[in-house]
Amino acid sequence: MHTAAGAQARLPIGSDMDLVWVRQHVRQAAAQIGFGLVDQTKLVTAASELARNTLVYGGGGIMEAEPLTEGGVPGLRLTFRDEGPGIADLEQALSDGFTSGGGLGMGLGGARRLVHDFAIESNPGSGTTVRVTSWVGRPPRPREET
């Protein structure tokens, strides 16, 4: 029998290689907890985007993975923290097409659509924390009207 204890981790994000470790850990943790392949892929994709933002825009940071249970349903919470310049306008940063770099501007908004719960805290000059949670077997997050 597998336990979710191995899903818990605190990983540094300071290089491209760390992004690979984050993706591998999230995939293994999600599989261990009981996520199906499609939901594993959604969570890994969200984690990849958020880890890349932590590295590129935040100058590096950490990812913490925490297995959860709510009402008998297992889940996985991922927290990405940096001490970078922060985000001045969160609403703008979450809108599709906005980018402060050279990307497509789909990272934060796309990550939000791939998980059940999404929370972001950021203050200019004091870094950014993004916390996402997904649950095994729950239907996808409803689409938000734009």
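Contact here means heavy atoms within 4.5 Å. Keep that in mind as you click around this predicted model, in which local features need pLDDT of at least 70, side-chain atom pairs count only at pLDDT 80 or more, and totals for chains, interfaces and linings use all residues. Residues are numbered from 1 along each chain as its sequence is written, and side-chain values use heavy atoms, with hydrogens and water left out.

**The whole protein**

Start with everything in cartoon view. You should find four helices and five strands; these are DSSP runs (helices H or I, at least four residues; strands E, at least two), numbered from the N terminus. Going from the N terminus on, the order is β-α-α-β-β-α-α-β-β. Of the 146 residues, 40% are buried, where buried means under 20% relative accessible area, exposed means over 50%, and partly exposed is in between (1.4 Å probe, protein chains only). Now think about contacts with a separation of 6 or more: 60% of them join residues 24 or more positions apart.

**First stop: α1 and α2**

Select residues 16-33 for α1, then 37-56 for α2. Two packed helices are described by the angle between their axes and the distance between the axes. For α1 and α2, the angle is about 155 degrees and the axes are 9 Å apart. (Axes are lines fitted to C-alpha atoms, for helices over the stretch in contact, and angles run from 0 to 180 degrees between N-to-C directions.) That makes the two helices roughly antiparallel, going by a scale where angles under 35 degrees count as roughly parallel, over 145 as roughly antiparallel, 65 to 115 as roughly perpendicular and the rest as oblique.

Turn the pair so that one helix lies in front of the other. The crossing of α1 and α2 is right-handed; a crossing gets that name if the near helix is turned clockwise from the far one by less than a right angle, and left-handed if anticlockwise. To see who makes the contact, show side chains on α1, including Leu 19, Val 22, Val 26 and Ala 30, and on α2, including Leu 43, Val 44, Ala 47 and Ala 51. By class, this contact has 11 nonpolar, three polar and four charged residues. (Ala, Val, Leu, Ile, Met, Phe, Trp, Tyr, Cys and Pro count as nonpolar, Asp, Glu, Lys and Arg as charged, and the others, Gly among them, as polar.)

**Next: α4 against α2**

Keep α2 on screen and add α4, residues 107-114. Which residues of α4 are buried? They are Gly 107, Leu 108, Gly 109, Gly 110 and Ala 111. The buried residues of α4 pack against α2, α3 (90-94) and β4 (117-122).

Here the angle between α2 and α4 is about 150 degrees, with axes 9 Å apart, so this pair is roughly antiparallel too. The α2 and α4 crossing is left-handed. From α2, pick Lys 42, Thr 45, Ala 46, Glu 49, Leu 50 and Asn 53; from α4, pick Gly 107, Leu 108, Ala 111 and Leu 114, which they meet. That contact has five nonpolar, three polar and two charged residues.

**Over to the strands**

Jump to Ser 122 in strand β4. It is buried, with a relative accessible area of 10%. Its side chain makes a polar contact with the side chain of Thr 128 at 2.8 Å. (A polar contact is a pair of N or O atoms within 3.5 Å; within protein, one must be able to donate a hydrogen and the other to accept it, and residues adjacent in sequence count only if both atoms are side-chain atoms.) The Ser 122 side chain also reaches the backbone oxygen of Gly 127, at 3.3 Å.

Now pick Thr 79 in β3 (residues 73-82). Is Thr 79 buried or exposed? Thr 79 is buried, at 5% relative accessible area. Draw a C-alpha to C-alpha distance from Thr 79 to Thr 129: they are 50 residues apart in sequence and 6.9 Å apart in space. The side chain of Thr 79 also makes a polar contact with that of Arg 131 (3.3 Å).

**Last stops: β5 and beyond**

Select Ser 134 in β5 (residues 128-135). Ser 134 is buried, at 5%. Not counting residues up to four places away in sequence, Ser 134 touches Phe 35, Leu 43, Gly 75, Leu 76, Leu 114, Val 115 and His 116.

Finish at Pro 139, in the segment after β5. Pro 139 is exposed, with a relative accessible area of 61%. Its C-alpha is 8.5 Å from that of His 116, a residue 23 places away in sequence.
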